[in-house]
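Here's a quick briefing to read with the model open beside you. Have a look at the strands and at one charged side chain as you go.

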Amino acid sequence: MLSGEVKNKNGEAIFPATIAVEGTMIGTYTNEKGYYSLELSAGKNTVVISSVGYETVKAEVNLRSHKRFDLVLEENIISLQGVEIYGKTKSQEIREGVFNVTALDIKPMMNTSTSLSNIVNRTTSVRIREEGGVGSDFKLSINGLSGNSVRYFIDGIPLSAMGGGITLANLPINIVDRIEIYKGVVPTYLGSDALGGAINIITKQEKKNYLDISYGIGSFHTHKFDLNAQYVDNKTGFMVRPVIGLNYSKNDYTMYDMEVWDEEERIYKEKDVKRFHDDYFSFIAQLEAGVVNRRWTDAFLVSTTWSTQNKEIQTGNVQTIVYGEARRERESLNMAAQYRKRDLFTDNLDVNLSLSHTLDHSVTMDTAYRSYMWDGSYTDTYQNEILKRGRMLRNYKRPLTIIRTNFDYMLHPQHVFNLNYMLNSIRNDRWDDIDTEFEPSTDVLTKQIISLSYTQNFFNSKLNNTFLSNIISTI
C-alpha cells in the first residue's frame, strides 16, 4: 500500500492530482484534502504524479510493505498544449459511498423554469404529490415514508432555518450545485433523527466572480426570476454574495366537468371552469458576506435572509371543498454565521461551526362567511371557510435557534472519524386577533443530537464500512 498527501509549496492540498504507475493502468487521484492511497505490488514501481498547473513528478518507489510518500508540486507557468485529467465528480463519489444515496447534478438544469421539487420528483423511490399548482402544499415520500420521517437540509443546516415558507418549490435553483437524497440511514454530519431519509441541498462553493440572472414565463400567468451573484477580492479574501428569488402564479388552469349550480334549472350541472383564488407569490432575498481562503479560516461568513409569502389557500385534492377568500401570509428573517477551517490546530482536523436564529411569523386569515362554488359564485353562511366556525385571524410566531458543530478527523486515509452536535430550539406562540374563544398558547421544544461515526476505507475505496451512533435529547 502506497499512500500520502500532495500539496503545493504553500502547504495547500492539490485536488485533483493524479497518481499513476508508469506503463500500467493502475492509478488513483487525491481527495479534497490532498490525500491518496494506492494498492501496489511489492518491488520497484515508477510513480507519476501530475496536476493541471503544476510540474509533473516522476519518482521510483521501492515498495516492500506499507509506505507513506508525500510530495510537494511546483507550479508550472508554461502553457500546456494538452492535458489528460482522471477523476470523479463529487456527485459520483457520493453515489459510490456506503450510504444509499442519490446525488443529482443541478448544473445542466441551470437557468430553467423548473423547480427543485420537480427535479427531485424524477428520482427513483422519491414521490411528490402536490395539491394544486405553483405554491401548493406537497407531500414528499422516500421509499413510502414521509412527513417527519424525511428531513430537509441546506449545506448540512436544517432548511427551516431560512424560514418556514422556503421549500424545494421556491428555493432559487441557480444557487444549487447538487442535491443529495439519502434513502434510509442518514450520515452523522447532518445531525438528524430522520428515519426515512433526508434531502441535503449543496450550494455553490466557487470562489470566483460571477453574475447569474434568469427570468422565465410559464403557463397560467407564471413568472420566475432568480439572481445569484458573487464578488471575491483575492487580495483580502473579502467575499459578498447576494441572492434573489421570486415566484408568482395565478394558477388559473381549467378544471373539467365540475359541478356548478344552475339557478334557472335549479340543478347541478357539469361545467368546465377556470380555477380562481389560487394566486401565489413568494420572494426571497439573501445577502452573505465574509472572508475566505485566509490562514485562520477557509470561510467565515455572516448572512441575513428575508422572505415573504402571500398565498391564497388553494383548493386541495378534495374537489368538493372550494375556498374563495381564505389566505395565508408569512414573513421570515434569518441571521446566521458560519466558520469553516481545514487542519485546525493539527493536520487532518476539519471543523465546521454555524449559528442561526430565525424569526418566523405567519397569519391565516379566514373572515368570510361564505360558501363558494367552482364558478366563483357563493352563498352567505354563518361560518368561515376552513374550520366552519367563527371568523379568525390566527397568528403563529416561531422563533428558531440552531447551533451546529461538526468535526472531521482523518487518522489515516483509511480511517476517518466524525463528531457532530446539533441543537434545535423552537418556540411556538399562537393567538388570534378576532376569535375571542381561542386561547393563546406558547410551546417550547429543544432538541439536542450528538452523532459519532467511524468510517473505514479499504482496497482503494472498493470496501467501505461506516459505524455510527446517535444520542437524542428532547425537552
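**A buried lysine without a partner**

Lysine 341 is buried (under 20% relative accessible area with a 1.4 Å probe, protein chains only) yet makes no salt bridge; that term calls for a side-chain nitrogen of Lys or Arg within 4 Å of a carboxyl oxygen of Asp or Glu. The nearest side chain of opposite charge, aspartate 298, sits 4.7 Å away. This is a predicted model, where local features need pLDDT of at least 70, side-chain atom pairs count only at pLDDT 80 or more, and totals for chains, interfaces and linings use all residues. Residues are numbered from 1 along each chain as its sequence is written, and side-chain values use heavy atoms, with hydrogens and water left out.

**Around lysine 341**

- Lysine 341 belongs to strand β24, residues 327-341; strands here are DSSP runs of E, at least two residues, numbered from the N terminus.
- Leaving out neighbours within four places in sequence, lysine 341 has contacts (heavy atoms within 4.5 Å) with Arg295, Trp296, Thr297, Asp298, Leu349, Asp350 and Val351.

**The β20-β21 hairpin**

- Strands β20 (254-262) and β21 (267-274) pair antiparallel over 7 bridges; pairing takes at least two DSSP bridges between two strands.
- Valine 260 has lysine 269 in β21 as its bridge partner.
- The hairpin leaves 4 residues between β20 and β21, and arginine 266 in the turn has a positive phi of about 60°.

**The β10-β11-β12 sheet**

- These 3 strands form an open antiparallel sheet in the order β10-β11-β12.
- β10 (126-130) and β12 (145-146) are the edge strands, each pairing on one side only.
- β11 (138-142) joins β12 through 2 bridges, and isoleucine 142 stands opposite leucine 145 in β12.

Key: Buried means under 20% relative accessible area, exposed over 50%, partly exposed in between (1.4 Å probe, protein chains only). Lys and Arg count as positive and Asp and Glu as negative; His and the chain ends are not counted.
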